[in-house]
Amino acid sequence: MSATGRSTGHVVVAGAGVAGLAAAHRLLGRGARVTVLEASGRVGGKLLPGEIAGVRVDLGAESMLARRPEAVDLAREVGLAGLLRPPATATASIWTRGALRPMPKGHVMGVPGTAAALAGVLSDEGLARIERDAELPRTEVGDDVAVGEYVAARLGREVVDRLVEPLLGGVYAGDAYRISMRSAVPQLFRAVRDHDSLTAAVRDVQAGAAAGRRTGPVFMGIEGGVGRLPLAVAASVRARGGEILTGTPVTGLRREAFGGWRVTAGERTLHADAVVLAVPAPAAAALLRAESPGAAAELAAVEYASMALVTLAYRRADLALPEGSGFLVPPVDGHTIKASTFASQKWGWIADEDPGVVVVRTSVGRHGETEVLQREDAELAEVSRHDLREATGLDAVPLETRVTRWTDGLPQYPVGHHARVARVRGHVAALPGLAVCGAQYDGVGIPACVASAYAAVDQLAGDLRAVAEPTANPVQGPHGGAGE
């Protein structure tokens, strides 16, 4: 109920990933009646808790940025405050030029403020090339520019290939030479517009971050896995009266002549005063084709990258890993895996689950790479073991392996992405009672997805205030009776 004691209407949320669930949670807090429709058989999207060799692990995303508050605050709201855990170690490495080397400090997404920050990772020639940045004339970035293209022009390709690429690839599974600086590294984009030198812009970003830095860890996990977050949000949604239907894809979306929306989900028909589309871009495009061809065309053009996570469990007595949380792998070095996480060293709760078991994860697949992901699970596990052996000397036979495939799991943010998102939202804003959210808009991280959900709810506030009472009979079966 609203502050006046009256319902603010019925809202259908399409999609039960973390964005859709966060939207539902906030809508219920504002008095709306909420129905969440999820195509798959579970909630959570790319957040997936699992188990290997009797140890709980994440089979999807494993951490959330803590210095951006939305995700951590949501976890606290749904009863997970006592389970929030920082990484046990923040030390990482980069596997490049034939060795594991300490991850450099003093950079912004791999872009250094000084050449000294990359000593040991770059060649002497690469370090010398960075020093030339201060002597180069200003490089205009215009409305947007590719991160790799701009950095290579200022500091040389070696910086991009050895550090920017693996760091950006770890987030987007994309190509640094295509990824938008304005969308992917917005703080750097703003800074380079005010500086002639890129390294000076980086130092400015670092100084600003230090001045306004929140205390506490940069990242946070959850005991038992970040995959517990959507489960807890879903439980809270249900406890507050919201309905979540899995295995129920939205197949049609039309505006009603008398106001509101007609939502088709298989044989079910629902009337909603408002709709939040928290589904991937292709699904959103299909649903908007009739009512907003412009938004549909923009969303249909969004590209996605696929990837796979290989989780391996070993007997602790059989191996000795290097220190730290894991390592990144530059594509230029020609290896198959793009990163590895020493999960039992990164998360103390994993080590505590069974001190005799060590869990290691690798990730495989980047945008445009299709051949490697066509391999069978056993082949992906074997290639992961091969690369782990080369990088760390790990030659033990695992107790168990699990391969989790995320087909079209990560939306790509090419140059001009921000303008595309603005056009989508402009088209959607012309349709009362409709909002969109999710990873394809303002960031792929968990806090960004939660923030996009909250923005969608805020957008609907005016439309929902105009609704006096919930529409009767919101769910009808195929013959006009009550839905199942």
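At what angle do helix 10 and helix 11 pack, and how far apart are their axes? I would like to start there, and I should say at once that what we are looking at is a predicted model, with a mean pLDDT of 92 for the protein and 94% of the residues at 70 or more. Two stretches call for caution: over residues 1-6 the pLDDT is below 50, and this stretch has nine contacts in the model beyond near neighbours in sequence, while residues 468-484 also stay under 50 in pLDDT, with 34 contacts beyond four places in sequence.

Now to the opening question. Helix 10, which covers residues 281-288, packs against helix 11, residues 293-300, at an angle of about 160 degrees, and their axes lie 8 Å apart. Because of that angle, helix 10 is roughly antiparallel to helix 11, and the crossing of the two helices is left-handed. From helix 10, the residues that take part are Ala281, Ala284, Ala285 and Leu288, and they meet Pro293, Ala295, Ala296, Leu299 and Ala300 of helix 11. Sorted by class, this contact holds nine nonpolar residues, with no polar and no charged ones.

Helix 11 has another partner, helix 15, which spans residues 417-429, and here the packing angle is about 155 degrees, with the axes 8 Å apart. Helix 11 and helix 15 are therefore roughly antiparallel, and helix 11 passes helix 15 in a left-handed crossing. On the helix 11 side the contact involves Gly294, Ala295, Glu298 and Leu299, and on the helix 15 side Arg420, Arg423, Val424, His427 and Val428. By class, the contact of helix 11 with helix 15 divides into four nonpolar, two polar and three charged residues, whereas the contact of helix 10 with helix 11 has no polar and no charged residues.

Let me turn to the sheets, beginning with the one of five strands. This sheet is open, its strand order is 12-2-1-16-22, and the pairing is parallel. At the edges are strand 12, residues 243-245, and strand 22, residues 434-436, each of which pairs on one side only. From one strand to the next, the twist averages 15 degrees. Helix 17, residues 446-465, packs on this sheet, where it touches strand 1 (10-14), strand 16 (274-277) and strand 22, and its direction makes about 170 degrees with that of strand 22. At the other edge, strand 12 runs parallel to strand 2 (residues 33-37) and is joined to strand 2 by three bridges; valine 36 stands opposite isoleucine 244 in strand 12.

How many strands does the open sheet with the order 5-11-6 have, and is its pairing parallel or antiparallel? That sheet has three strands, and its pairing is antiparallel. Its edge strands, each pairing on one side only, are strand 5 (64-65) and strand 6 (84-85). Strand 6 pairs with strand 11, residues 219-222, over two bridges in the antiparallel sense; there, leucine 84 stands opposite isoleucine 222, and arginine 85 has glycine 221 as its bridge partner. Strand 5, for its part, is joined to strand 11 by two bridges, again running antiparallel, and leucine 65 stands opposite phenylalanine 219 in strand 11.

Definitions and conventions: Residues are numbered from 1 along each chain as its sequence is written. This is a predicted model: local features need pLDDT of at least 70, side-chain atom pairs count only at pLDDT 80 or more; totals for chains, interfaces and linings use all residues. Side-chain values use heavy atoms; hydrogens and water are left out. Axes are lines fitted to C-alpha atoms, for helices over the stretch in contact, and angles run from 0 to 180 degrees between N-to-C directions. Helices (H or I, at least four residues) and strands (E, at least two) are DSSP runs, numbered from the N terminus. Angles under 35 degrees count as roughly parallel, over 145 as roughly antiparallel, 65 to 115 as roughly perpendicular and the rest as oblique. A crossing is left-handed if the near helix is turned anticlockwise from the far one by less than a right angle, and right-handed if clockwise. Contact means heavy atoms within 4.5 Å. Ala, Val, Leu, Ile, Met, Phe, Trp, Tyr, Cys and Pro count as nonpolar, Asp, Glu, Lys and Arg as charged, and the others, Gly among them, as polar. pLDDT is the predictor's confidence in each residue, from 0 to 100. Two strands pair if DSSP finds at least two bridges between them.
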